[in-house]
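Reader: Got a minute to walk through this one with me? I'd like to start at the ligand.

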Amino acid sequence: MLGRPYLALCALPRAGRIVGRLFSNPLSQHAVRRRSGPYGYTQAKALVFSQNGEPSDVLKLHTHSISPSLSSKAVLLRALAAPINPADINTVQGTYGSQPSFTSLIGTSTPSAIPGNEGVFEVLATGDPSSPVRKGDWVIPAVAQFGTWRTHAVADVDEIIKINKEGLKATQAATISINPGTAYRILRTYGPNAGISKALGMRPLEVGSGQWFIQNGANSGVGRAAIQFGKLWGLRSINVIRERSSPEATEELKKELTGLGADAVVTETQFLSREWKDQLAEITNKGREQIGLGLNCVGGKSATALARSLGEGATMVSYGGMARQPVALPVGLLIFKDIRFVGFWLSRWNQQDPTGRRHMTDYIVDSIREGKFQDVPLDEVAWNWETEASTLTEEVQKGLQGFRKGKGIFVFGDT
Ligand SMILES: NC(=O)c1ccc[n+]([C@@H]2O[C@H](COP(=O)([O-])OP(=O)(O)OC[C@H]3O[C@@H](n4cnc5c(N)ncnc54)[C@H](OP(=O)(O)O)[C@@H]3O)[C@@H](O)[C@H]2O)c1
(Lines give C-alpha, C1' and ligand atoms only; values in the text may rest on other atoms or scores of the structure.)
Protein backbone atom coordinates (compact mmCIF):
# COMPACT_ATOMS: atom_id res chain seq x y z
CA MET A 1 0.00 0.00 0.00
CA LEU A 2 1.53 3.22 -1.07
CA GLY A 3 -1.49 5.37 -0.55
CA ARG A 4 -2.29 8.51 1.39
CA PRO A 5 0.37 8.14 4.06
CA TYR A 6 2.99 8.71 1.44
CA LEU A 7 1.82 12.22 0.77
CA ALA A 8 4.27 13.10 3.51
CA LEU A 9 7.07 11.24 1.77
CA CYS A 10 9.57 13.05 -0.28
CA ALA A 11 11.27 10.87 -2.82
CA LEU A 12 14.86 11.98 -2.90
CA PRO A 13 17.87 10.01 -3.95
CA ARG A 14 19.67 8.78 -0.89
CA ALA A 15 21.80 11.59 0.52
CA GLY A 16 25.51 10.95 0.23
CA ARG A 17 26.31 11.78 3.81
CA ILE A 18 24.64 9.87 6.61
CA VAL A 19 24.35 11.72 9.88
CA GLY A 20 23.83 9.34 12.78
CA ARG A 21 21.81 10.13 15.88
CA LEU A 22 21.82 7.87 18.90
CA PHE A 23 18.56 6.25 19.86
CA SER A 24 17.54 3.16 21.68
CA ASN A 25 16.73 -0.06 19.81
CA PRO A 26 14.04 -1.98 21.70
CA LEU A 27 15.19 -5.24 20.15
CA SER A 28 18.72 -5.23 21.38
CA GLN A 29 18.37 -2.63 24.09
CA HIS A 30 21.70 -1.28 22.78
CA ALA A 31 22.13 2.22 21.44
CA VAL A 32 22.26 2.19 17.65
CA ARG A 33 22.56 4.86 15.02
CA ARG A 34 19.45 6.25 13.42
CA ARG A 35 20.19 7.19 9.88
CA SER A 36 19.08 10.59 8.90
CA GLY A 37 20.07 12.65 5.93
CA PRO A 38 20.58 16.39 5.71
CA TYR A 39 17.71 18.59 6.97
CA GLY A 40 16.30 15.75 9.10
CA TYR A 41 15.22 13.51 6.23
CA THR A 42 15.00 9.88 7.35
CA GLN A 43 16.82 7.46 5.11
CA ALA A 44 14.69 4.39 4.46
CA LYS A 45 14.74 1.17 2.48
CA ALA A 46 11.86 -0.95 1.25
CA LEU A 47 11.46 -4.16 -0.68
CA VAL A 48 9.29 -3.31 -3.67
CA PHE A 49 7.85 -5.05 -6.71
CA SER A 50 6.51 -3.43 -9.85
CA GLN A 51 5.16 -6.60 -11.47
CA ASN A 52 3.99 -9.97 -10.25
CA GLY A 53 6.34 -12.94 -10.37
CA GLU A 54 8.61 -15.08 -8.23
CA PRO A 55 9.98 -12.98 -5.33
CA SER A 56 13.61 -13.61 -6.27
CA ASP A 57 12.89 -12.28 -9.78
CA VAL A 58 10.73 -9.25 -9.07
CA LEU A 59 11.62 -7.91 -5.61
CA LYS A 60 14.03 -4.96 -5.49
CA LEU A 61 15.47 -3.08 -2.53
CA HIS A 62 14.67 0.59 -2.96
CA THR A 63 16.29 3.42 -0.99
CA HIS A 64 14.42 6.66 -0.42
CA SER A 65 14.10 9.59 1.97
CA ILE A 66 11.22 10.59 4.21
CA SER A 67 10.51 14.26 4.85
CA PRO A 68 10.58 15.40 8.49
CA SER A 69 7.41 17.45 8.01
CA LEU A 70 4.44 15.27 8.90
CA SER A 71 0.79 16.15 8.37
CA SER A 72 -1.33 16.32 11.54
CA LYS A 73 -2.64 12.74 11.20
CA ALA A 74 0.66 11.24 10.08
CA VAL A 75 3.05 9.16 12.14
CA LEU A 76 6.66 8.28 11.32
CA LEU A 77 7.41 4.64 12.07
CA ARG A 78 10.49 2.45 12.26
CA ALA A 79 10.07 -1.26 11.62
CA LEU A 80 11.10 -3.67 14.38
CA ALA A 81 10.03 -7.03 12.91
CA ALA A 82 7.94 -8.33 10.01
CA PRO A 83 7.20 -11.99 9.18
CA ILE A 84 7.26 -13.59 5.75
CA ASN A 85 3.81 -15.19 5.54
CA PRO A 86 2.63 -17.41 2.65
CA ALA A 87 0.02 -14.76 1.76
CA ASP A 88 2.77 -12.15 1.28
CA ILE A 89 4.52 -14.36 -1.22
CA ASN A 90 1.24 -15.07 -3.00
CA THR A 91 0.69 -11.30 -3.18
CA VAL A 92 4.04 -10.86 -4.94
CA GLN A 93 3.19 -13.78 -7.24
CA GLY A 94 -0.18 -12.20 -8.01
CA THR A 95 -2.24 -15.15 -6.76
CA TYR A 96 -3.61 -13.56 -3.58
CA GLY A 97 -7.19 -12.30 -3.12
CA SER A 98 -6.15 -8.65 -3.04
CA GLN A 99 -3.32 -6.61 -4.49
CA PRO A 100 -1.71 -3.49 -3.08
CA SER A 101 -1.81 -0.39 -5.26
CA PHE A 102 1.23 0.31 -7.39
CA THR A 103 2.47 3.90 -7.08
CA SER A 104 5.65 5.94 -7.53
CA LEU A 105 5.26 7.81 -4.26
CA ILE A 106 8.52 6.60 -2.78
CA GLY A 107 10.38 7.48 -5.93
CA THR A 108 10.64 4.11 -7.62
CA SER A 109 11.32 4.38 -11.32
CA THR A 110 8.17 2.39 -12.10
CA PRO A 111 4.96 2.24 -10.04
CA SER A 112 5.63 -0.27 -7.26
CA ALA A 113 4.13 -1.81 -4.13
CA ILE A 114 5.68 -2.82 -0.82
CA PRO A 115 4.71 -6.36 0.27
CA GLY A 116 4.18 -7.50 3.86
CA ASN A 117 0.87 -7.60 5.64
CA GLU A 118 2.03 -8.05 9.20
CA GLY A 119 4.68 -6.54 11.45
CA VAL A 120 5.38 -4.24 14.36
CA PHE A 121 6.71 -0.70 14.22
CA GLU A 122 7.99 1.78 16.78
CA VAL A 123 6.64 5.32 16.62
CA LEU A 124 9.49 7.78 15.97
CA ALA A 125 7.49 10.99 15.55
CA THR A 126 3.93 12.22 15.21
CA GLY A 127 2.55 15.10 13.15
CA ASP A 128 0.38 16.26 16.03
CA PRO A 129 1.53 16.41 19.68
CA SER A 130 -1.96 15.32 20.80
CA SER A 131 -1.88 12.23 18.58
CA PRO A 132 -3.25 9.07 20.28
CA VAL A 133 0.16 7.45 19.79
CA ARG A 134 3.44 8.72 21.17
CA LYS A 135 7.12 8.37 20.41
CA GLY A 136 8.26 4.94 21.58
CA ASP A 137 4.83 3.26 21.28
CA TRP A 138 4.56 0.00 19.36
CA VAL A 139 1.96 -0.25 16.63
CA ILE A 140 0.75 -2.88 14.16
CA PRO A 141 -1.09 -2.31 10.87
CA ALA A 142 -4.85 -1.82 11.11
CA VAL A 143 -5.33 -2.17 7.37
CA ALA A 144 -4.58 -4.96 4.91
CA GLN A 145 -1.61 -4.68 2.53
CA PHE A 146 0.10 -2.11 4.76
CA GLY A 147 3.51 -2.98 3.34
CA THR A 148 5.66 -4.05 6.27
CA TRP A 149 8.83 -5.10 4.45
CA ARG A 150 10.52 -1.75 4.86
CA THR A 151 12.68 -0.05 7.43
CA HIS A 152 10.44 3.00 7.90
CA ALA A 153 6.94 4.11 7.04
CA VAL A 154 4.72 7.13 7.30
CA ALA A 155 1.16 6.11 8.13
CA ASP A 156 -2.09 7.78 8.94
CA VAL A 157 -2.90 7.31 12.62
CA ASP A 158 -6.13 5.48 11.60
CA GLU A 159 -4.08 2.87 9.78
CA ILE A 160 -2.29 1.59 12.88
CA ILE A 161 -3.26 -0.06 16.14
CA LYS A 162 -1.28 0.67 19.28
CA ILE A 163 -0.43 -2.38 21.33
CA ASN A 164 0.69 -2.68 24.92
CA LYS A 165 4.30 -3.66 24.41
CA GLU A 166 5.04 -4.49 28.03
CA GLY A 167 6.63 -7.92 28.35
CA LEU A 168 6.45 -8.57 24.61
CA LYS A 169 9.31 -9.29 22.22
CA ALA A 170 9.15 -7.50 18.88
CA THR A 171 8.97 -10.85 17.06
CA GLN A 172 5.92 -11.80 19.14
CA ALA A 173 4.21 -8.47 18.52
CA ALA A 174 4.93 -8.82 14.80
CA THR A 175 3.12 -12.15 14.52
CA ILE A 176 -0.02 -11.66 16.60
CA SER A 177 -2.41 -10.46 13.95
CA ILE A 178 -2.75 -12.88 11.11
CA ASN A 179 -2.26 -16.45 12.24
CA PRO A 180 -3.61 -16.25 15.80
CA GLY A 181 -6.40 -14.00 14.49
CA THR A 182 -7.42 -16.60 11.89
CA ALA A 183 -7.51 -19.43 14.41
CA TYR A 184 -9.37 -17.27 16.94
CA ARG A 185 -12.07 -16.15 14.51
CA ILE A 186 -12.65 -19.60 13.04
CA LEU A 187 -12.94 -21.34 16.39
CA ARG A 188 -15.16 -18.60 17.80
CA THR A 189 -17.54 -18.51 14.84
CA TYR A 190 -17.84 -21.78 12.98
CA GLY A 191 -19.20 -25.13 14.04
CA PRO A 192 -21.95 -27.65 13.34
CA ASN A 193 -25.31 -26.67 11.97
CA ALA A 194 -27.74 -25.24 14.49
CA GLY A 195 -30.76 -27.22 13.21
CA ILE A 196 -33.61 -26.57 10.82
CA SER A 197 -35.38 -24.25 13.26
CA LYS A 198 -32.33 -21.95 13.12
CA ALA A 199 -32.42 -21.87 9.32
CA LEU A 200 -29.46 -24.23 9.40
CA GLY A 201 -27.17 -21.53 10.76
CA MET A 202 -24.06 -22.56 12.65
CA ARG A 203 -23.22 -22.61 16.29
CA PRO A 204 -19.59 -22.41 17.29
CA LEU A 205 -18.13 -25.21 19.37
CA GLU A 206 -19.15 -24.63 22.96
CA VAL A 207 -16.48 -23.33 25.30
CA GLY A 208 -15.62 -25.90 27.97
CA SER A 209 -17.56 -28.67 26.20
CA GLY A 210 -14.62 -30.82 25.10
CA GLN A 211 -16.10 -30.90 21.57
CA TRP A 212 -13.72 -31.96 18.82
CA PHE A 213 -12.28 -30.14 15.87
CA ILE A 214 -9.84 -31.56 13.34
CA GLN A 215 -7.24 -29.74 11.27
CA ASN A 216 -4.52 -30.37 8.69
CA GLY A 217 -1.42 -28.18 8.46
CA ALA A 218 -1.43 -28.43 12.23
CA ASN A 219 2.17 -27.25 12.66
CA SER A 220 1.53 -24.04 10.69
CA GLY A 221 1.22 -20.72 12.46
CA VAL A 222 -2.58 -20.92 12.25
CA GLY A 223 -2.58 -24.59 13.29
CA ARG A 224 -0.46 -24.01 16.37
CA ALA A 225 -2.68 -21.08 17.36
CA ALA A 226 -5.82 -23.22 16.93
CA ILE A 227 -4.34 -25.94 19.14
CA GLN A 228 -3.62 -23.43 21.89
CA PHE A 229 -6.95 -21.58 21.75
CA GLY A 230 -8.72 -24.92 21.60
CA LYS A 231 -7.00 -25.99 24.80
CA LEU A 232 -7.62 -22.64 26.50
CA TRP A 233 -11.31 -22.79 25.59
CA GLY A 234 -11.90 -26.39 26.65
CA LEU A 235 -12.13 -27.93 23.15
CA ARG A 236 -10.29 -30.99 21.84
CA SER A 237 -8.25 -31.18 18.67
CA ILE A 238 -7.09 -33.83 16.20
CA ASN A 239 -4.06 -32.57 14.33
CA VAL A 240 -2.62 -33.78 11.04
CA ILE A 241 1.05 -33.16 10.24
CA ARG A 242 3.32 -34.32 7.44
CA GLU A 243 6.05 -36.81 8.32
CA ARG A 244 9.46 -35.30 8.96
CA SER A 245 12.73 -36.67 7.54
CA SER A 246 13.01 -39.35 10.25
CA PRO A 247 10.62 -41.10 12.65
CA GLU A 248 12.44 -39.41 15.54
CA ALA A 249 11.86 -35.97 14.05
CA THR A 250 8.17 -36.81 13.50
CA GLU A 251 7.89 -37.91 17.13
CA GLU A 252 9.60 -34.70 18.20
CA LEU A 253 7.05 -32.59 16.30
CA LYS A 254 4.16 -34.63 17.72
CA LYS A 255 5.51 -34.00 21.21
CA GLU A 256 5.85 -30.30 20.51
CA LEU A 257 2.22 -30.00 19.42
CA THR A 258 1.02 -32.15 22.30
CA GLY A 259 2.94 -29.76 24.57
CA LEU A 260 0.93 -26.88 23.08
CA GLY A 261 -2.30 -28.68 23.96
CA ALA A 262 -3.05 -31.01 21.03
CA ASP A 263 -5.17 -34.00 22.08
CA ALA A 264 -4.20 -36.17 19.12
CA VAL A 265 -1.48 -35.71 16.50
CA VAL A 266 -1.46 -38.00 13.46
CA THR A 267 0.68 -38.13 10.35
CA GLU A 268 -0.70 -37.45 6.89
CA THR A 269 0.13 -41.03 5.82
CA GLN A 270 -1.95 -42.38 8.68
CA PHE A 271 -4.70 -39.88 7.89
CA LEU A 272 -4.88 -40.86 4.20
CA SER A 273 -4.76 -44.62 4.89
CA ARG A 274 -7.65 -47.10 4.91
CA GLU A 275 -7.10 -47.62 8.63
CA TRP A 276 -7.87 -44.00 9.48
CA LYS A 277 -11.60 -44.61 9.94
CA ASP A 278 -10.93 -47.12 12.74
CA GLN A 279 -8.21 -45.01 14.28
CA LEU A 280 -10.53 -42.00 14.30
CA ALA A 281 -13.23 -44.06 16.01
CA GLU A 282 -10.70 -45.02 18.67
CA ILE A 283 -9.88 -41.36 19.32
CA THR A 284 -13.52 -40.31 19.46
CA ASN A 285 -14.89 -42.91 21.87
CA LYS A 286 -15.89 -45.49 19.23
CA GLY A 287 -17.20 -42.66 17.03
CA ARG A 288 -19.79 -41.57 19.62
CA GLU A 289 -18.17 -38.14 19.86
CA GLN A 290 -18.74 -36.39 16.56
CA ILE A 291 -16.36 -33.86 15.06
CA GLY A 292 -18.22 -30.62 14.48
CA LEU A 293 -15.54 -28.53 12.79
CA GLY A 294 -12.68 -29.05 10.34
CA LEU A 295 -9.98 -26.50 9.53
CA ASN A 296 -8.47 -26.97 6.09
CA CYS A 297 -5.08 -25.36 5.47
CA VAL A 298 -3.93 -27.71 2.72
CA GLY A 299 -6.50 -28.74 0.06
CA GLY A 300 -6.17 -31.79 -2.23
CA LYS A 301 -6.44 -35.30 -0.76
CA SER A 302 -5.89 -34.01 2.74
CA ALA A 303 -9.00 -31.83 2.48
CA THR A 304 -11.10 -34.76 1.21
CA ALA A 305 -9.93 -36.91 4.14
CA LEU A 306 -10.70 -34.04 6.50
CA ALA A 307 -14.23 -33.78 5.16
CA ARG A 308 -14.75 -37.55 5.50
CA SER A 309 -13.69 -37.35 9.17
CA LEU A 310 -16.46 -34.90 10.08
CA GLY A 311 -19.69 -35.75 11.85
CA GLU A 312 -23.20 -35.08 10.59
CA GLY A 313 -24.00 -31.41 10.06
CA ALA A 314 -20.39 -30.37 10.67
CA THR A 315 -18.62 -27.49 8.93
CA MET A 316 -15.33 -27.53 7.10
CA VAL A 317 -13.65 -24.14 6.90
CA SER A 318 -10.99 -23.77 4.20
CA TYR A 319 -8.57 -20.97 4.95
CA GLY A 320 -5.41 -22.07 3.10
CA GLY A 321 -4.36 -24.05 0.06
CA MET A 322 -0.76 -25.03 0.77
CA ALA A 323 -0.82 -28.13 -1.48
CA ARG A 324 -2.07 -26.00 -4.40
CA GLN A 325 -4.60 -28.72 -5.18
CA PRO A 326 -8.35 -28.21 -5.49
CA VAL A 327 -10.74 -29.45 -2.82
CA ALA A 328 -12.68 -32.49 -4.13
CA LEU A 329 -15.75 -33.44 -2.12
CA PRO A 330 -17.78 -36.66 -2.39
CA VAL A 331 -21.33 -35.49 -3.04
CA GLY A 332 -22.67 -37.90 -0.39
CA LEU A 333 -21.04 -35.78 2.29
CA LEU A 334 -23.14 -32.83 1.15
CA ILE A 335 -26.39 -34.73 0.75
CA PHE A 336 -26.42 -37.44 3.38
CA LYS A 337 -24.18 -35.93 6.04
CA ASP A 338 -25.24 -32.33 5.43
CA ILE A 339 -21.68 -31.12 5.81
CA ARG A 340 -21.20 -27.50 4.93
CA PHE A 341 -18.11 -26.13 3.28
CA VAL A 342 -17.15 -22.53 3.70
CA GLY A 343 -14.10 -20.37 3.16
CA PHE A 344 -12.57 -17.90 5.57
CA TRP A 345 -10.57 -14.73 4.89
CA LEU A 346 -9.32 -12.75 7.86
CA SER A 347 -8.95 -9.52 5.86
CA ARG A 348 -12.69 -9.47 5.22
CA TRP A 349 -13.44 -10.14 8.89
CA ASN A 350 -11.11 -7.40 10.10
CA GLN A 351 -12.62 -4.92 7.68
CA GLN A 352 -16.17 -5.76 8.74
CA ASP A 353 -15.56 -5.94 12.47
CA PRO A 354 -12.79 -3.51 13.56
CA THR A 355 -14.05 -3.44 17.16
CA GLY A 356 -14.00 -7.22 17.38
CA ARG A 357 -10.51 -7.12 15.95
CA ARG A 358 -9.30 -4.80 18.71
CA HIS A 359 -10.76 -7.06 21.42
CA MET A 360 -9.17 -10.06 19.75
CA THR A 361 -5.78 -8.33 19.53
CA ASP A 362 -5.92 -7.41 23.24
CA TYR A 363 -6.87 -10.99 24.12
CA ILE A 364 -3.97 -12.42 22.12
CA VAL A 365 -1.44 -9.95 23.52
CA ASP A 366 -2.63 -10.61 27.08
CA SER A 367 -2.46 -14.38 26.51
CA ILE A 368 1.16 -14.08 25.35
CA ARG A 369 2.06 -11.83 28.27
CA GLU A 370 0.46 -14.24 30.73
CA GLY A 371 2.44 -17.13 29.25
CA LYS A 372 -0.73 -18.88 28.00
CA PHE A 373 0.10 -18.60 24.32
CA GLN A 374 3.38 -19.48 22.64
CA ASP A 375 4.62 -17.94 19.43
CA VAL A 376 5.59 -20.05 16.43
CA PRO A 377 9.18 -21.22 15.88
CA LEU A 378 10.91 -18.45 13.93
CA ASP A 379 13.82 -18.23 11.53
CA GLU A 380 15.12 -14.71 12.11
CA VAL A 381 16.60 -12.76 9.21
CA ALA A 382 18.56 -9.70 10.30
CA TRP A 383 17.79 -6.60 8.22
CA ASN A 384 20.37 -3.87 8.81
CA TRP A 385 21.19 -0.85 6.68
CA GLU A 386 23.96 -2.74 4.89
CA THR A 387 22.00 -5.97 4.35
CA GLU A 388 22.16 -6.99 0.68
CA ALA A 389 18.96 -7.12 -1.36
CA SER A 390 19.76 -10.72 -2.35
CA THR A 391 19.85 -11.83 1.30
CA LEU A 392 16.34 -10.48 1.81
CA THR A 393 14.84 -11.73 -1.44
CA GLU A 394 16.29 -15.23 -1.00
CA GLU A 395 14.63 -15.46 2.40
CA VAL A 396 11.31 -14.45 0.88
CA GLN A 397 11.71 -17.04 -1.88
CA LYS A 398 12.23 -19.74 0.78
CA GLY A 399 9.00 -18.78 2.50
CA LEU A 400 6.76 -21.23 0.64
CA GLN A 401 9.07 -24.21 1.05
CA GLY A 402 7.74 -27.06 3.15
CA PHE A 403 9.35 -28.67 6.20
CA ARG A 404 10.81 -25.44 7.52
CA LYS A 405 12.20 -25.23 11.04
CA GLY A 406 10.59 -21.85 11.57
CA LYS A 407 8.71 -19.04 9.89
CA GLY A 408 10.98 -16.46 8.25
CA ILE A 409 10.85 -13.08 9.95
CA PHE A 410 12.77 -9.87 9.23
CA VAL A 411 14.24 -8.48 12.41
CA PHE A 412 15.34 -4.89 11.91
CA GLY A 413 18.53 -3.83 13.63
CA ASP A 414 20.66 -0.86 12.64
CA THR A 415 18.49 0.71 9.97
N1 LIG B 1 -7.66 -17.17 4.99
C2 LIG B 1 -6.98 -16.41 5.83
O3 LIG B 1 -7.46 -15.37 6.30
C4 LIG B 1 -5.61 -16.84 6.23
C5 LIG B 1 -4.96 -16.26 7.32
C6 LIG B 1 -3.70 -16.76 7.68
C7 LIG B 1 -3.11 -17.76 6.94
N8 LIG B 1 -3.77 -18.26 5.86
C9 LIG B 1 -3.22 -19.35 5.05
O10 LIG B 1 -2.97 -20.43 5.90
C11 LIG B 1 -1.92 -21.21 5.36
C12 LIG B 1 -0.88 -21.40 6.45
O13 LIG B 1 -0.31 -20.14 6.78
P14 LIG B 1 0.70 -20.00 7.99
O15 LIG B 1 1.26 -18.63 7.98
O16 LIG B 1 0.04 -20.49 9.21
O17 LIG B 1 1.80 -21.06 7.52
P18 LIG B 1 3.26 -21.32 8.03
O19 LIG B 1 3.34 -21.08 9.49
O20 LIG B 1 4.20 -20.61 7.13
O21 LIG B 1 3.38 -22.90 7.78
C22 LIG B 1 3.17 -23.43 6.51
C23 LIG B 1 2.39 -24.73 6.67
O24 LIG B 1 2.04 -25.24 5.41
C25 LIG B 1 2.43 -26.61 5.34
N26 LIG B 1 2.77 -26.92 3.96
C27 LIG B 1 3.68 -26.32 3.17
N28 LIG B 1 3.67 -26.87 1.95
C29 LIG B 1 2.74 -27.84 1.98
C30 LIG B 1 2.26 -28.79 1.03
N31 LIG B 1 2.73 -28.82 -0.23
N32 LIG B 1 1.30 -29.65 1.41
C33 LIG B 1 0.82 -29.63 2.66
N34 LIG B 1 1.22 -28.76 3.60
C35 LIG B 1 2.18 -27.89 3.26
C36 LIG B 1 3.61 -26.71 6.26
O37 LIG B 1 3.76 -28.05 6.66
P38 LIG B 1 5.22 -28.71 6.74
O39 LIG B 1 5.84 -28.16 7.97
O40 LIG B 1 4.93 -30.16 6.80
O41 LIG B 1 5.94 -28.29 5.50
C42 LIG B 1 3.15 -25.82 7.40
O43 LIG B 1 2.25 -26.49 8.23
C44 LIG B 1 -1.41 -20.45 4.14
O45 LIG B 1 -2.03 -21.00 3.00
C46 LIG B 1 -1.89 -19.04 4.39
O47 LIG B 1 -2.05 -18.30 3.20
C48 LIG B 1 -4.99 -17.83 5.50
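Reader: Which helix gives the largest share of the shell around the ligand?

Author: Helix 4, with 3 residues. Keep in mind that this is a predicted model.

Reader: OK. How many residues surround the ligand, and which are the closest?

Author: There are 26 around the ligand, and the closest are Ser 220, Gly 221, Gly 320, Leu 346 and Gly 402. As for elements that give two or more residues to that shell, they are helix 2 (86-93), helix 4 (178-189) and helix 5 (221-232).

Reader: Switching to the sheet. What's the strand order in the open sheet of 6 strands?

Author: The order is 12-11-10-13-14-15, and the pairing is parallel. At the edges sit strand 12 (264-267) and strand 15 (340-343), each pairing on one side only. From one strand to the next, the twist averages 20°.

Reader: And how many bridges do strand 13 and strand 14 pair over?

Author: Strand 13 (residues 291-296) pairs with strand 14 (residues 315-318) over 4 bridges, in the parallel sense. Within that pair, Gly 294 is opposite Met 316 of strand 14.

Reader: What about helix 6, which strands does it lie across?

Author: Helix 6 (residues 247-260) lies across strand 11 (236-241) and strand 12. Its direction is at about 155° to strand 12.

Reader: Now the largest nonpolar core. Which residues touch the most other members?

Author: That core has 101 residues, and Ala 81, Val 120, Ile 409 and Phe 410 touch the most other members. Strand 5 (residues 74-83) supplies the largest share, 8 residues.

Reader: Where does this core lie relative to domain 1 and domain 2?

Author: Between them, because domain 1 (4-175 + 375-412) and domain 2 (179-347) both give residues to it.

Reader: Back to Val 120, what does that residue touch?

Author: Leaving out residues up to four places away in sequence, Val 120 touches Leu 80, Ala 81, Trp 138, Ile 140, Ala 170, Ala 173 and Ala 174.

Reader: Last one: is Phe 336 buried or exposed?

Author: Phe 336 counts as exposed, because it has 10 C-beta neighbours inside 10 Å and the cut-off for exposed is 12 or fewer. Phe 336 is in the loop between helix 10 (331-335) and strand 15.

Reader: And how far apart are the C-alpha atoms of Phe 336 and Phe 229?

Author: They're separated by 31 Å, and the two residues are 107 residues apart along the chain.

How values were computed: Residues numbered from 1 in each chain as written. Predicted model: local features only at pLDDT ≥ 70, side-chain atom pairs only at ≥ 80, totals over all residues. Pairing = 2+ DSSP bridges. Axes fitted to C-alpha atoms, helices over the stretch in contact; angles between N-to-C directions. Contact = placed C-beta atoms within 7 Å. Core = buried A, V, L, I, M, F, W, Y, C linked by C-beta atoms within 7 Å. Buried ≥ 20, exposed ≤ 12 C-beta atoms within 10 Å, placed from the backbone. Domains from an automatic or database assignment. Near = placed C-beta within 6 Å.
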